[in-house]
Amino acid sequence: MTGKIFRSIFIASVSVLLVTLLIITGCLSSYFNIIQQRELRDELEIAAKATEQLGLSYLNELKSKRYRLTWIDSEGKIIYDSDADISQMENHMDREEVREALLGGFGSSSRYSSTLTEKTLYEAVALKDGSVLRISIGQATSLVLVFGMIQPIIVIFFLAAVLSFILATRMAKNVVEPFNHLDLEHPMENDTYEELSPLLHRIYTLHKQIDSQIRELQWKKDEFEQIISQMQEGLILLDDKDTILSINAAAKKIFDIKSCYMGADFLTIDHSTELSDALKNAKASGHCEIRINRGKKEYQINISRTESKDHILGSVLLAFDITDQADSERMRQEFTANVSHELKTPLQSIMGSAELIENGLMKPEDAPKFARSIRRESSRLVDLIDDIIRLSQLDEGASMPFEQVELSDVAQEVFLILQDSAELKGISFSLVGGGAVWGVKRLIFEMLFNLCDNAVKYNKDNGSVNVSIQQEKDKTILSVSDTGIGIPEDMQSRVFERFFRVDKSHSKQSGGTGLGLSIVKHVVKYHNGSIQLESTEGKGTTITAVFPL
């Protein structure tokens, strides 16, 4: 700004100087022209009086180097000229000053030379005999005057330019100084030029608007960050160059981000080609979905392109934890495959026996054997279907009647049912403690039956099964322990899976469906309880269910 003000003042000063010089030169030229014209006419009047009295004798006696006298008769013929040979001169009747003198007594004119560096002034007067006496003098033009004064003009111009430079610098500094000390944070508190008041008032108004907008933006930013920080899903906002604009806590946890990566390239955080290709596909098609594994969890990543007026602004990544869903899908697939296999096995046995009977290939004495096989496989098939229906009901959370269930009574009922099979292996039952739970009696019975049934089936001969019930302030603890074969440590985490068997050959002999412990787990879950398993291979197993009161 200082430079602009300086240039403006300096150029204005120099321009004024030049214009002033031109005006002064013109005025001086005009003034001296008028003075010279008056003097020329005075000289002409003196010469005219003398010429009328003395004629050529007077003119021939004159010796003037400044003026030129010419005597012209009434026909325009030259009678006398002080500067040229009259025989070589042409008729002067057409001269402007001559015509004016013949008509009005006096005539004046001026003519420039061919180079325009000199102007000649003419004055003419009519004499009494009808002739005309003319006097002329050469006069330098304004251009010649300027060239003649070029040295003083240059000196004056230089001095004026230096003075203008100094004054322009000082004035520019003085003008700009108040601007340099303006307090734009408090524009209405400035003491400066009155002309700046509208500008400062406008700045004050804009300050208020900007402050209001900043507060609103900050509020929206805080609100947005609060929302995304509470999200269970991971959210990442990227610009068109895949630079991170925003990332919430869930996303940091998913992608194992320890520090703030705002402004960093997202692909420096996750180097997988799968995610890189997904980002490219989302930019090309507008949307892309992939599944990735992080640790023991599986996530679905939805990537959507953001754009405005056909211009790509960036991408939005939304990460969902679908571990449970994926596990459920895998479990459903495994369940379907296992159910198909488990249903097919007894049916094939039944169909095989029926086919032998139908074709008459069965010996009469083998009829009881085939009948037992058909009954056993049919019973196994019914038990399997009942267990599948029970699991389906538990999965769907079907509504069942709740009541106060005394666990010791249920345990005694289970002992009575399993007494025969336990006596075959010399296994004894024991019950310690007592307590009640609020639940579905039929499900509680089935849970305890499956636990005790497994404890008998997988127990050693002459072993024992102990049921312990503890009633505490806010929970009831039910434990079933056996002295059986135990479960290998690497299989303990899978025993509650559907159709999983530790010893498949033994399970087949015992007629189990592979759904017992899965039903136990779902019954406990249905009652908002928890279940734990402790087992030592070769020594026995303890399964504990905790029910909240």
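These legends accompany several close-up views of a predicted model.

**View 1. A negative surface patch that includes Glu43.**
Four acidic residues come together here: Glu39, Asp42, Glu43 and Glu45 form a negative surface patch. To find your bearings, look for glutamate 43 in helix 1, which spans residues 2–54. Glutamate 43 has a relative accessibility of 36%, so it counts as partly exposed.

**View 2. A nonpolar surface patch that includes Val155.**
This close-up turns to nonpolar side chains. Val155, Phe158, Leu159, Val162, Phe165 and Ile166 make a nonpolar surface patch of about 560 Å². Valine 155 belongs to helix 5 (residues 150–180), and its relative accessibility of 44% makes it partly exposed. A helical pattern is worth keeping in mind here: an α-helix has 3.6 residues a turn, so residues three or four places apart point the same way.

**View 3. Helix 14, largely enclosed by the rest of the structure.**
Helix 14 covers residues 516–526, and nine of its eleven residues are buried, so the rest of the structure largely encloses this helix. The buried residues are Gly516, Leu517, Ser518, Ile519, Val520, His522, Val523, Val524 and Tyr526. After the helix, look for asparagine 528, which has a positive phi, near 60 degrees.

**View 4. A stacked aromatic pair, phenylalanine 402 with tyrosine 526.**
Searching the whole structure turns up three aromatic pairs. In one of them, phenylalanine 402 and tyrosine 526 are stacked, with 6.0 Å from centre to centre and 20 degrees between the planes. Phenylalanine 402 sits in the loop between helix 10 (367–396) and strand 11 (403–406), while tyrosine 526 is in helix 14, so the pair ties together parts that are 124 residues apart in sequence. The two partners also differ in their surroundings: phenylalanine 402 is partly exposed at 34% relative accessibility, whereas tyrosine 526 is buried, with a relative accessible area of 18%.

**View 5. A stacked pair within helix 12, phenylalanine 445 with phenylalanine 449.**
The ring centres of phenylalanine 445 and phenylalanine 449 lie 6.1 Å apart and their planes meet at 25 degrees; planes under 30 degrees apart count as stacked, so this pair is stacked. Both residues are in helix 12 (residues 441–457), four residues apart, which is about one turn of the helix. Phenylalanine 445 is partly exposed, with a relative accessible area of 22%, and phenylalanine 449 also counts as partly exposed, at 23% relative accessibility.

Technical notes. Residues are numbered from 1 along each chain as its sequence is written. This is a predicted model: local features need pLDDT of at least 70, side-chain atom pairs count only at pLDDT 80 or more; totals for chains, interfaces and linings use all residues. Side-chain values use heavy atoms; hydrogens and water are left out. Patches are made of residues with over 30% relative accessible area and no salt bridge: like charges are joined within 9 Å, nonpolar side chains (Val, Leu, Ile, Met, Phe, Trp, Tyr) within 5 Å. Accessible areas come from the Shrake-Rupley method with a 1.4 Å probe; for residues, only the protein chains shown count as cover. Lys and Arg count as positive and Asp and Glu as negative; His and the chain ends are not counted. The place of a charge is taken as NZ of Lys, CZ of Arg, CG of Asp or CD of Glu. Helices (H or I, at least four residues) and strands (E, at least two) are DSSP runs, numbered from the N terminus. Buried means under 20% relative accessible area, exposed over 50%, partly exposed in between (1.4 Å probe, protein chains only). Rings of Phe, Tyr and Trp (its six-membered ring) pair if their centres lie within 6.5 Å; planes under 30 degrees apart count as stacked, over 60 as edge-to-face and the rest as tilted.
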